[in-house]
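Subject: Structure for you to look at, with notes

Dear colleague,

I am handing over the structure we spoke about, and below it you will find my notes on what I found. Please read them with the structure open beside you.

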Amino acid sequence: MAYIAPIHRPTSIRHALKAHLFSGDEESLVIGKANRLEIWRISDGTLSQVHSQPVNGTISVLQRLRPKDYPTDILFVGTERFEYFTLAWNSETQQLEAIDDTLKDPGELHMRNAESQDKCIVDPSGRYLALHLWQGVLTILRLGTRKNTILKLDWMAQPRLSELFIKSSSFLYTETGHPKIALLYKTRSDSEELKLATYRLTADDRHTEASRFEIKDRETDLDIADSGSSLLIPVRKVEEVVKRHNFRNVDAAKAHVGGLIIVGETRLLYIDEVTKSKVESLLDRANIFVAWAEYDPTHYFLADDYGTMHLLTILTDTTGVVVTGMDVSVIGRTSRPSDMLYFGDGLLFVASHYGDSQLFHVDLIKKDVRDMMTLVQSLPNIGPILDFAVMDMGNRENNSALGNEYSSGQARIVTGSGVWRDGTLRSVRSGVGLEDIGELADLEDTRGLFSIRSHAASKTDTLIASFSTETRVFQFDSEGGAEELESFLGMDLGIQTLVARNLPTGNLLQVTTASVSLIDIESGVVVSSWRPAGHSSIIAASANDRWVLLSVEGTGLVSLSLGQDLTLAKQKDIGDKDQIACLHVAPQLPSVGVVGFWNSGTVSIVDLETLDPVHGESLRKTPDDASIPRDLALVQILPPSVSGPTLFVALEDGNVVTFKIGQDLTLSGTKSVVLGTTQARFHLLPHPNGVYSIFATTEHPSLIYGSEGRIVYSAVTAEDATFVCPFDSEAFPDSVVLSTKSQIKISQIDTTRRTHTHSLPMHEMVRRLAYSPTEKVFGLGCIQRRLIDGEEVIQSSFKLVDDVIFDKVGKEFLISTPSYTELVEAVIRAELPDSYGNPSERFIVGTSYLPDPDRGTTENVRGRILVFGIDSDREPYLVLSHQLKGACRCLAVMDGKIVAALTKTVVVSMYEETSTTTAQLTKLASYRPSTYPVDLAVHGNMIAVADLMKSVSLVEYVTPEGESPRLVETARHYQAAWGTAVSHIDGESWLEADSRGNLMVLMRNPAGVTLEDRRRLQITSEMNLGEQVNRIRKITVETSPNASIIPRAFLGTVEGSIYMFGTIAPHAQDLLLRFQAKLATVIKSAGGIEFNSYRAFRNEEREGEAPDRFLDGEMLERFLDIDDETQAQICHGLGPSVEDMRNIVEELRRMH
């Protein structure tokens, strides 16, 4: 049994429109992402999400309708399974609600799908729809006109079309009020001949009968010279001062504004809707235009395939109505759009499937083209995910086969996202949110923050901010107002403060670089003080309720007793042998301190009464290791019933080392986690239950806390944080004060885990990537596409990116061959023997050739295998270049041997290095798949080959005694499936994804009774994900013995989703299956589409009735969002109580 849940929801936007959903005056943005509808409100020139709603189906059509005499718009939504419904906004429930029953397209099984994606167009009145779903068929729907039917959508007709191969279609603006439709089509699929035809949509003036769309009904029948034309832009009519006359000889008529623009690759053609007069304008250079949006009737935004934004201007004479020509000019750069919307007030929204969606402010009056478009807001998109790798931040030393769970924050998923110029490298990590609730002041270079209580205050009311030459005090009232105080309780404010805290005795402790003071809070009198001898400075300080530990000049260690009014308990001189790098006093262990040393790289636990070391540990594993401790924290991070205190040591290189502390203060259980490239600074946040969390500030801040018996490192949305302190005041309960380089603000931590992404723009497509834990780099296979003097130039390269600083290192290696365009197809890393037989880290790259007919071709060479090493300067160098007779589509490593999937063959080769820069490949065995291999997965000596059309076959590498090695097919999945990815899961189970968005768990039965049983891969679980999976990465994580789900793999999709796949423990299978079945009958989605039909397997050969032995984690988690009464209804008869089921679902949610 299988389980799948999203850890990152789809971010790619294929559908976007503007609609008046809330009121007739307010225009909103509606977005369709895979199986989710989102509504965004525009306010103050920015977008904010106000609603998100799942749909039981992959959205293929999204349009708005305006019923007659109705105050708002309604939405028309269609899914890939040809199910359609309308939605309207309910202001009382604040939900999108279905208006009518779901409509099913009455298409016939023998109909051929339209060559393009499903398309829906709506006439300017908003009451007629035309759907292109089937080749040669137009589906027409309309809204009712009577008062009781204005919201009802009826099928009108499905006329046959003689235009089979439609490239584009659009309704036209007409003067008569009769809806007209224009079709841009090819006469044959293999022909470049392009034509334009226009028809009336209805045959009668009452619009009750649809047109028959016969050739004789065409109002326009025109040959289009530019065969690359693909866009139709309807042009609204402008107000004319002098009404034009009707012409008998239309050839002499001038074209007026109000018609149709046909956008081609080399020219623009304008056609007057009334007189059919034409105006043609040539483009300065050829281009491929993909999207448009209207600015006004004579200006249109026009975006091309390369991310360049143009302004199309209709040129007119002095009257402003007679068209004389058209002009196209560049005004900026954007992501490659899938749709564009202009909202007025200079706001242009670019929806993108290929990169981030963007909101621009446009000012066409600007003279400088570079100032015309200003980016206002970006909606991040990690789709399409072409490839990804899993980096275990908590296991970078590669000393364990078990990784950390994604939800622990220690597993980072790095994706190759975007297409062409929108290509990026994205880091995806589990984290928590930080919501800013107030800004205190614009203050630079804060050196410390401390929160205290003034006299008689029940909660924190004072913030002390320390700077290099002064200390400033801010006091808050119960309403949240803040006032800066010139003096406070006799504190020394003319110097940097290292520690300030309240004590149980009612005193205030202040440690500065010059002295230590105890101050009575009520009177403000200094009770006692201590100063180092001479003019020595206090470098570092830490304190708890009983002790103060000081570092004087970095060589002296001083312990002061707070219970005896700063009596000197012990002073120790370290001498010239070492220096104190950091120190810490444990808040919960009364007399325990920790000291870190520079030269020796050690940490010691000391007794604060005597400063004698109790236990110590060296942080350096080798003589060349230069690890230096820079900050320390010894706290109870997990409940005492689960574990003892934990010591955290922040090293200079960005690693954090943890030790378990025993009752006798011994150190054990060492683990290392990388948080950044520079030292982390620890800030303790106490909790009422006696445990602490730690806010670690570095270039990638993290919140460290305990959850479910483990330590979690969650990313935090505060990239610029420098210091943090708790601030539980009356006006801001359970808050923190956070400083950056330029300001101090008050925030609240939302402990709900969510995904956090960090982007590295590459401006080229990251086709493949692999991670090397040894070299601590990602190897990227990139493809760059540029337009140079009207010619498209493709260049592949291999480059490295550091795993922590997340930036390029070394020089890129250009991959090119004379007479060929060479494309990167596969990148993997492997540990292979070097020329001395020692294991060395290598990156293996597979390529394919696109022959150039102008420079000849060679039939025998179709690709290469390249092997790269990494030198001491972290630059790639070529070890092997091996030519192939077929394109190398994918690669894998099996016990030191390289497995390559070529165009029609799978080959196993022996790799041998002959010197530091040369190597050779020797073919050992080969296997011919059914059609075309698209992915490989290796487990032991078994190779799973995902075929383009014939699903998966299992091939075993055997070495019979005295014979040559062979690849022998041992099992096969006999059903047809257009495979996209495959991975080993566990034992004899394999996971396959196909191009229709299906997931199948296939199992081999080696103990079958007959040969046929042993050779057949049986489907044990199947469901339709609704998104095409590009890559599956197997993971191995440690789970608790009673866990319901065991994570097995991550999946990356075209829509920008990342899913966690797992198997279900036997003890939970029956309960969870029955639970999902009951949920499916109770929880409804928009449009009322059944869950079972949505998630049922579906391809060209068969269609299931429901998901088979497959759990949808997203559906299970919706149990937590429904009311108590419905929860009780679902749990009735299951066995466990409602509370037990809530706990089970919460446990599932915490996994991601």
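To begin with the whole protein, a compact globule of 1152 residues would have a radius of gyration near 32 Å, and the value for this protein is 34 Å, which agrees. Please keep in mind throughout that this is a predicted model. Taken along the principal axes, the box filled by the C-alpha atoms is roughly 110 × 85 × 70 Å. The protein contains 6 helices and 84 strands, and 57% of its 1152 residues count as buried. Among the contacts with a separation of 6 or more, 52% are made by residues 24 or more positions apart. The exposed area comes to about 48,400 Å², of which carbon and sulfur atoms supply 46%.

One example of such a distant pair in sequence is Phe349 and Leu17, which lie 332 residues apart along the chain, while their C-alpha atoms are 9.7 Å apart in space. Phe349 belongs to strand 28, which covers residues 347–351, and it counts as buried because its relative accessible area is 1%, where the cut-off for buried is under 20%.

Next, I would draw your attention to strand 47, residues 592–597, in which 6 of 6 residues are buried. Both of its faces are covered, with Val592, Val594 and Gly596 buried on one side and Gly593, Val595 and Phe597 buried on the other. Which strands pair with strand 47 in the antiparallel sense? One of them is strand 46, residues 580–585, which pairs with strand 47 over 5 bridges, and in this pairing Leu583 stands opposite Val595. The connection between strand 46 and strand 47 is a hairpin that runs through 6 residues. Strand 48, residues 602–607, is also joined to strand 47 by 5 bridges and runs antiparallel to it, with Val594 standing opposite Ile605. Here too there is a hairpin, with 4 residues between strand 47 and strand 48, and Gly601 in its turn has a positive phi of about 65°.

A separate sheet may be useful to examine alongside that region. Strands of a sheet pair through backbone hydrogen bonds, either parallel or antiparallel. In this case 4 strands, in the order 34-35-36-37, form an open sheet whose pairing is antiparallel. Strand 34 (448–452) and strand 37 (482–485) stand at the edges and have a single partner strand each, so one side of each is left without a neighbour in the sheet. On average, and with direction ignored, neighbouring strands of this sheet are turned by 25° against each other. Within the sheet, strand 35 (residues 462–466) and strand 36 (residues 471–476) pair in the antiparallel sense over 5 bridges, and Ala465 stands opposite Arg472 of strand 36.

Finally, there is helix 2, which takes in residues 1066–1082 and has 17 residues. From its first C-alpha to its last it reaches 26 Å, close to the 24 Å expected at 1.5 Å a residue. Which residues of helix 2 are buried? They are Ala1068, Leu1071, Leu1072, Phe1075, Gln1076, Leu1079 and Ala1080.

With best wishes

Methods: Residues are numbered from 1 along each chain as its sequence is written. This is a predicted model: local features need pLDDT of at least 70, side-chain atom pairs count only at pLDDT 80 or more; totals for chains, interfaces and linings use all residues. Side-chain values use heavy atoms; hydrogens and water are left out. Helices (H or I, at least four residues) and strands (E, at least two) are DSSP runs, numbered from the N terminus. The expected span of a helix is 1.5 Å times one less than its number of residues. Buried means under 20% relative accessible area, exposed over 50%, partly exposed in between (1.4 Å probe, protein chains only). Two strands pair if DSSP finds at least two bridges between them. Axes are lines fitted to C-alpha atoms, for helices over the stretch in contact, and angles run from 0 to 180 degrees between N-to-C directions. The radius of gyration is taken over C-alpha atoms; the globule rule is 2.2 Å times the number of residues to the power 0.38. Contact means heavy atoms within 4.5 Å. Accessible areas come from the Shrake-Rupley method with a 1.4 Å probe; for residues, only the protein chains shown count as cover.
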